[in-house]
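Reader: Hello! I'm new to this structure and would love a close look at the place where the ligand sits. Could you walk me through what surrounds it?

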Amino acid sequence: MVKKTLVALSAIALGAGTLSACGGGDSASGSDDGAITMGFAQVGAESGWRTANSASIQDTAEAEGIELKFSDAQQKQENQIKAIRSYIQQDVDIISFSPVVETGWDAVLQEAKRAGIPVILTDRAVDTDDESLYVTFLGSDFVAEGEKAGQWLVDNAADSDVDGDGDVNVVELQGTTGAAPAIDRKEGFESVISSDPSISISASQTGDFTRDGGKQVMEAFLQSEEGIDVVYAHNDDMGLGAIEAIEAAGLVPGEDIKIITVDAVRDGMAALAEGKINFIVECNPLLGPQLMELAQQVLDGEEVPRRVVTEETTFTQEQAAEVLESREY
Ligand code: GYE
């Protein structure tokens with residue numbers, strides 16, 4: 001296979017059909033010269049987490065001599081599907097992607113299967129009845145992340161009843177509607193807080209995993225909701241947007257309103273260490289090394305586990321202050 005340089009393709013380039021003529025013409029079963037070609041269809045660049053994730057995948061591919069075709073779908077499923085189709089046309093050795101939402105992938109995954117190109121899911125899961133459509137899924141346990149967030153709130157319920165009315169009134173900033181981490185982080189959180197009748201979610205809306213989205217939804221909540229004690233944001237970026245809205249309303253984030261988020265990217269950790277966030281559940285974006293190793297194993301014909309779960313921890317304000325300096329992302 002001809003060695004090409006790492007290509008970053010925008011969704012616009014994909015739309016313009018610039019990829020269709022680049023087929024290598026060789027088989028999709030690994031390459032004779034040892035160089036693997038991977039097509040990676042990324043969700044977008046919506047958050048600090050995503051930026052770190054993309055960098056990890058691109059840097060590892062470069063270090064390992066893997067030829068990476070990388071596309072940014074700008075959080076649109078249709079763009080991801082186009083990208084995957086273009087990788088099939090180009091006859092890459094292996095396809096990986098992080099599905100923006102869970103459903104609606106069967107048709108394009110069938111096409112990859114018919115072309116004999118293995119697919120590795122990374123970061124987010126798909127909802128399908130046909131398990132043969134992907135080889136393995138590498139990523140976090142999002143339900144467990146939601147449970148950890150809920151457990152902190154249950155353990156700190158008395159302190160979190162900021163207005164002292166006997167009820168812990170939570171507003172939730174959900175991730176992208178239909179995305180695995182939004183569905184699972186909600187489910188995990190709700191299942192744990194249900195053990196404490198004083199805690200309830202009074203409003204819940206999507207902020208699409210972006211800082212701006214979190215800010216706008218929080219502004220609306222501050223207008224419509226009485227006595228908000230806690231914000232549960234499905235990622236740091238939305239939590240950081242909520243902080244801006246809370247400060248603009250003349251309130252003190254972390255004190256007047258407690259904030260729980262997921263990810264533990266550097267900006268989130270800095271806000272946690274500063275006292276503006278109260279608790280962060282870690283979600284590790286550095287999936288590049290494990291992904292490239294899995295790709296190599298699959299193309300070498302080795303058995304790989306169906307599910308590879310990344311290991312993660314949680315951070316309090318004190319713990320964030322300790323590790324902030326050495327944080328990798
Ligand atoms: O938590 C969020 C990002 O899928 C785990 O997507 C990922 C999530 C992450 O936009 O910040």
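Author: Happily! Two helices are a good place to start: α2 (48-64) and α7 (180-193) each contribute at least two residues to the shell around the ligand. Please keep in mind that this is a predicted model.

Stepping back to the domains, domain 1 (18-140 + 286-311) and domain 2 (142-283) each provide at least three residues of that shell. In total, 13 residues surround the ligand, and the closest are Glu46, Asp123, Arg124, Arg185 and Asp263. By character, the shell residues split into 6 charged, 5 nonpolar and 2 polar.

Now for some individual contacts. Asp123, one of the closest residues, has a side-chain N or O atom 2.8 Å from an oxygen atom of the ligand. For Asn235, a polar side-chain atom is likewise found 2.8 Å from a ligand oxygen. Arg50 joins in as well, with an N or O atom of its side chain 3.0 Å from an oxygen atom of the ligand.

How much of the ligand's surface does the protein bury? On its own the ligand would expose 300 Å², and the protein buries 100% of that. As for the space involved, the ligand takes up the largest cavity.

To follow this on screen, begin with α2 and α7, then look for the side chains of Arg50, Asp123 and Asn235.

Key. Residues are numbered from 1 along each chain as its sequence is written. This is a predicted model: local features need pLDDT of at least 70, side-chain atom pairs count only at pLDDT 80 or more; totals for chains, interfaces and linings use all residues. Side-chain values use heavy atoms; hydrogens and water are left out. A residue is near a molecule or strand if one of its heavy atoms lies within 4 Å of it. A polar contact is a pair of N or O atoms within 3.5 Å; within protein, one must be able to donate a hydrogen and the other to accept it, and residues adjacent in sequence count only if both atoms are side-chain atoms. Accessible areas come from the Shrake-Rupley method with a 1.4 Å probe; for residues, only the protein chains shown count as cover. On a 1 Å grid over the protein atoms alone, a cavity is a set of points where a 1.4 Å probe fits but cannot get out, and a pocket is an open set with protein on both sides within 12 Å along at least five of seven lines; lining residues have an atom within 4 Å of a point. A molecule sits in a cavity or pocket if more than half of its atoms lie within 2 Å of its grid points. Helices (H or I, at least four residues) and strands (E, at least two) are DSSP runs, numbered from the N terminus. Ala, Val, Leu, Ile, Met, Phe, Trp, Tyr, Cys and Pro count as nonpolar, Asp, Glu, Lys and Arg as charged, and the others, Gly among them, as polar. Domain bounds come from an automatic or database domain assignment.
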